[in-house]
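Colleague: I am new to this structure. Please take me through one part of it closely, and choose the part that has open space in it.

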Amino acid sequence: MMLQFTKYFILLFLFTAIGSFAQNTAINTGINTKNPGSRLTVNGSVAADYKIITGNAVLGYSDYYTAYNGNADAMLHLPPAGWGSLKGRVYAIKNTSSNSMLTVIPPAQEMIYGTANMSSVTVPPGYYVKLISRGTVTDTTWELLAIMDGKVTSEAVKKALDYSFGMDIGGYPISPTEFIVSNNNSVLLPESQTMFTMPVAKPVFLNVAIGLADFTYPRVFSKSPYYRCELIIDGVATNLFQIAQQQHVGSSLRFNISGVFNLSAGSHGIWVNITRWNDDGHTGTQRLLVLSVVYDGVYLD
């Protein structure tokens, strides 16, 4: 009698378990479903970690959604890519502060890909970003899935600036985008000058992407100079800049600049100045070409 009761108990347990957790022959796993149609099927709600920060922070391996609600500009650091263990990891980040900027930064030697590689992503108040790990361990390790305004409808976002330049294929070695840099001399970046008009006085959210090629000969593989690219508006430095290190003399360079700048109504001129910030012992001049310049600027109406 005891043996028969035990058999019934085991069968009851198995039927109950199948109702909440199942695995079919295709190695699909289901929670609260008997026939999962995907590798993971959940018949019910899903919860993830929710965290609020008020200052500089580093995202951990157990984080998912992070809200920044501080009273000053802050930096949020992404975790190191490691050896590909983060592949597919998603982070959702929102700046819920009133008037502080949040900058999302990957570790050194890692980049975020949006429409081009970026060394950081600036999140203005009310904006939301979502990123996913590519699973790579160097260079472009993160991808920007979305950046959007969480406070207003899309109709209220107005375009202030939309400019792009790309060098013609085969433009080298004769190209109007060629320029020379030397120690501590600021140079206006060719093809970076343009004009735009603001119908009203507003803060403008700016994104800039720049690609350069270095045709210095001979290449110097033992030297890795630093360069500073800064956005200039109406002849005034905006303090929106990026400093990037060249892999070696003769290698390409990429810059991404983003931030918010208050502009008056009317016509404005914009361009980029570039400086060899630190020569790393290479004191000779370098011959660079502008491959691409992309400006994007929006404001809230």
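Modeller: What follows is a close look at the largest pocket and at the strands that lead to and from it.

This is a predicted model. Confidence comes before detail. The chain averages a pLDDT of 84, and 87% of the residues score at least 70. Residues 5–20 are another matter: pLDDT stays under 50 there. For that stretch the model has seven contacts beyond four places in sequence. Where pLDDT is low, the predicted coordinates should not be read in detail.

Next, the setting. The chain has 301 residues, and 44% of them count as buried. Its secondary structure comes to one helix and 24 strands. Take the contacts between residues at least 6 apart in sequence: 67% of these join residues at least 24 apart.

Now the pocket itself. Rolling a probe the size of a water molecule over the atoms shows where empty space is left. The largest pocket has a volume of about 1000 Å³. It is lined by 33 residues, and the closest to its centre are Met111, Ser119, Gln242, Ile243 and Ala244. By type, the lining divides into 15 nonpolar, 15 polar and three charged residues. Which strands each supply at least two residues of that lining? They are β9 (102–105), β10 (110–113), β21 (236–245) and β22 (253–263).

Start with β9. This strand belongs to an open sheet of four strands, in the order β5-β7-β9-β12. The pairing in the sheet is mixed. β5 (57–58) and β12 (121–123) stand at the edges. Each has a single partner strand, so one side of each is left without a neighbour in the sheet. β9 pairs with β7 (residues 74–77) in the parallel sense, over four bridges. Here Val104 of β9 is the bridge partner of Leu76. With β12, the pairing of β9 is antiparallel and runs over three bridges. Leu102 stands opposite Val123 in β12.

Then β21, another contributor to the lining. Asn239 is found in this strand. Its phi is near 65°, a positive value in a residue other than glycine. Most residues other than glycine have a negative phi, and most peptide bonds are trans. Is Asn239 buried or exposed? Asn239 is exposed, with a relative accessible area of 55%.

Two loops have local geometry to look at as well. Asp280 lies in the loop between β23 (266–278) and β24 (286–300). Its phi is near 55°, again positive in a residue other than glycine. Asp280 is partly exposed, with a relative accessible area of 31%. Pro218 is in the loop between β19 (202–214) and β20 (226–233). The peptide bond from Tyr217 to Pro218 is cis, with omega near 0°.

One more strand rounds off the tour. Five of the seven residues of β13 (residues 127–133) are buried, so this strand is largely enclosed by the rest of the structure. β13 pairs with β8 (residues 90–95) in the antiparallel sense, over five bridges. In that pairing Lys94 stands opposite Tyr128 in β13. β13 also pairs with β14 (residues 139–149), antiparallel again, over seven bridges. There Ser133 stands opposite Trp142 in β14. β13 and β14 form a hairpin with five residues between them. Gly135 in the turn has a positive phi of about 90°.

Conventions
Residues are numbered from 1 along each chain as its sequence is written. This is a predicted model: local features need pLDDT of at least 70, side-chain atom pairs count only at pLDDT 80 or more; totals for chains, interfaces and linings use all residues. Side-chain values use heavy atoms; hydrogens and water are left out. On a 1 Å grid over the protein atoms alone, a cavity is a set of points where a 1.4 Å probe fits but cannot get out, and a pocket is an open set with protein on both sides within 12 Å along at least five of seven lines; lining residues have an atom within 4 Å of a point. Grid points are joined across faces, edges and corners, and a volume is the space filled by probe spheres set on the points. Ala, Val, Leu, Ile, Met, Phe, Trp, Tyr, Cys and Pro count as nonpolar, Asp, Glu, Lys and Arg as charged, and the others, Gly among them, as polar. Two strands pair if DSSP finds at least two bridges between them. pLDDT is the predictor's confidence in each residue, from 0 to 100. Contact means heavy atoms within 4.5 Å. Buried means under 20% relative accessible area, exposed over 50%, partly exposed in between (1.4 Å probe, protein chains only).
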